[in-house]
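Hi everyone, thanks for coming. Let me put the structure up on the screen, and then we can walk through it together.

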Amino acid sequence: MALELRDEVATGSEPAVTQPSAPLRALTGDTAYAGDPAGAAGSARAGEPVVKIRGYGRRFGDRVVLEGVDLDLADGEVAALLGASGSGKSTLLRALCGIDHGADGHVTVPKERAVVFQDHRLLPWKKVWRNVLIGVKGSKADALAALQEVGIAGRADAWPGTLSGGESQRVALARAFIRRPRLLLLDEPFGALDALTRLRMHGLLRELCARHNPATLLVTHDVDEAITLADRILVISDGRISLDHRVGDDASARSGTAALALRARLLSELGVNPNHRPHQNHEKR
Amino acid sequence: MSAVSYDYEVVVGKAAEDSERPIAKRIAGGGLSVWRRIWSSRGTRFLGPLILLGVWQLAVSVGHASPLSLPSPSNVFTTGRHLVANGTLISALLVSLRRVGLGLALGVAIGGSLALLSSLSLVGERLIDPVMHMFRTMPVLALLPLFVVWFGIGEKAKVFIVGWAVVFPIYINLYAGVRSVDEKLVTAGKVLGLGRWGLIRHVILPGALPQFLTGLRLALGVSWLVLVAAEEINATSGLGYMITNAQNLSETNVMFVVLIVFSLLGLATDILVRLIERWTLSWRSSFVTK
């Protein structure tokens, strides 16, 4: 069974609640969903998940990376996806991007989606503001507004090659948010940044997500980053989602003993025992 | 005491600044000593050619060389001035420039189109690439007689043979350039919603441009080479004809004049490509000035 990736076609960028409600379809591939205007109008119905994954599987040759993954993401939800390297977390994200064509299962994602990679992937031959507008119909003023939001409007006319790592990643965020995404996919976006810049970017990302409210999937291997940013933490191990934890709304859930306990739990789920001496510290496979 | 520490600070400041400059510049001149500062100025580039000229003149004066084998620089200069004044050199230059220009335009257009077809589509690659590599290894000059048979001894044969020679450096470099475009940027372009043409226009072509310009540089060089060969074999005008004619008339000084014109043309084309690079590749960090 091949992967069926369905783009929901939402009309305009109206808030989801104002969309006329209609039954969400196309979950198991019965009708020509994308070409059906009645179905399309209902895709942004409030309360329905923005992302639906059913029976997703991916193998490379004989090696099964993921199997039977089911996952829903709601509007405005920030989900962190943790996993050891090679666990398939980036593979799942690629499937949601729509750039992986070799998988099994059903994946429904909105058309308004944006991706930020670990490397900024700005086109070096386009000035910063033009990079923000790639694939978007908009004016320089729109680009400047998006850059303003990430605090880097002053570098709008710079070449990407002259930006620092943190600045480049800010531009990448501007390039994502100018699309008004209903689904934001982040593939270890802060992995290449120094610790201080990363903390600043965490603050920025929380701000942006609170304002624009996309469903967000943050792929990371940093347990602390997941606890800081996510409403919900997913752990992938042995080819499936082995843990689906909702972080409490109050600040205490992200700090103090609660955070420490969560951290220990996530690490043990990832097969890391922080109390072991290094030579005993083997990754669980 | 304070003066010493001041000096020290200046050196540190310069050294720090220095480390941010491109490596080539750092090697060429760190700016620490007067000696280095002199050599880092652009004017010193002309010293080498001037020394060569001096050695040449010296060799002629001391060695009493026959003007038939080695005319003196002053002789060559006078001859050159004469040839410019009576219009011979300029008209030959214009004829040759026109042939090279047309041949280049033709070759770049054809080589470029073939490279794009071949690098962007599987069918194109299957059909075009092997053929190109078959033709590429044929010595261009060996084709010249065939071109004369096909196109006569007029302008066509000369323009076409230049075009033929230009096709290959353009094809190979543009093809390699397209294929070496960062796959990650292509993926990024795709997820940003660029379609096939958008990807080609915004990602692939700009990414292939540096290598295309390398191809253009090679093409400019080979175009002169081939043109002169063509003009030496059958022509009644042009720089190549001038050399052959001078050989027949034992005018070594004229041959030298034409050779110097070629060296200047090489310099000019290099400057031209540099300007194009500066203009189109201004995004590259080596060109970025803060």
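Let's start with a question for the room: is helix α9 of chain B mostly covered or mostly open? Covered it is: of the 25 residues in α9(B), 20 are buried. Before I go on, please keep in mind that this is a predicted model.

If you want to find that helix yourselves, α9 of chain B runs over residues 155–179. From first C-alpha to last it reaches 36 Å, close to the 36 Å expected at 1.5 Å a residue.

Now let's step back to chain B as a whole. Its secondary structure comes to 13 helices and 0 strands, so to speak an α after every α when you read along the sequence. Chain B has 290 residues, and 26% of them are buried. Take the contacts in chain B between residues at least 6 apart in sequence: 66% of these join residues at least 24 apart.

Here is one residue to click on: B:Ile233, which sits in helix α11, residues 196–233 of chain B. Why does B:Ile233 count as partly exposed? Because B:Ile233 has 17 C-beta neighbours inside 10 Å, and a residue needs 20 or more to be called buried, or 12 or fewer to be called exposed. While you are there, look across to B:Thr244: the two are 11 residues apart along the chain, and their C-alpha atoms are separated by 8.5 Å.

Last stop, the place where the chains meet. On chain A, 14 residues are in contact with 19 residues of chain B. That side of chain A has 9 nonpolar, 3 polar and 2 charged residues. Thanks, everyone!

Conventions
Residues numbered from 1 in each chain as written. Chains lettered and ligands numbered in written order. Predicted model: local features only at pLDDT ≥ 70, side-chain atom pairs only at ≥ 80, totals over all residues. Contact = placed C-beta atoms within 7 Å. Nonpolar A, V, L, I, M, F, W, Y, C, P; charged D, E, K, R; others polar. Helix = DSSP H or I, 4+ residues; strand = E, 2+ residues; numbered from the N terminus. Expected span 1.5 Å × (residues − 1).
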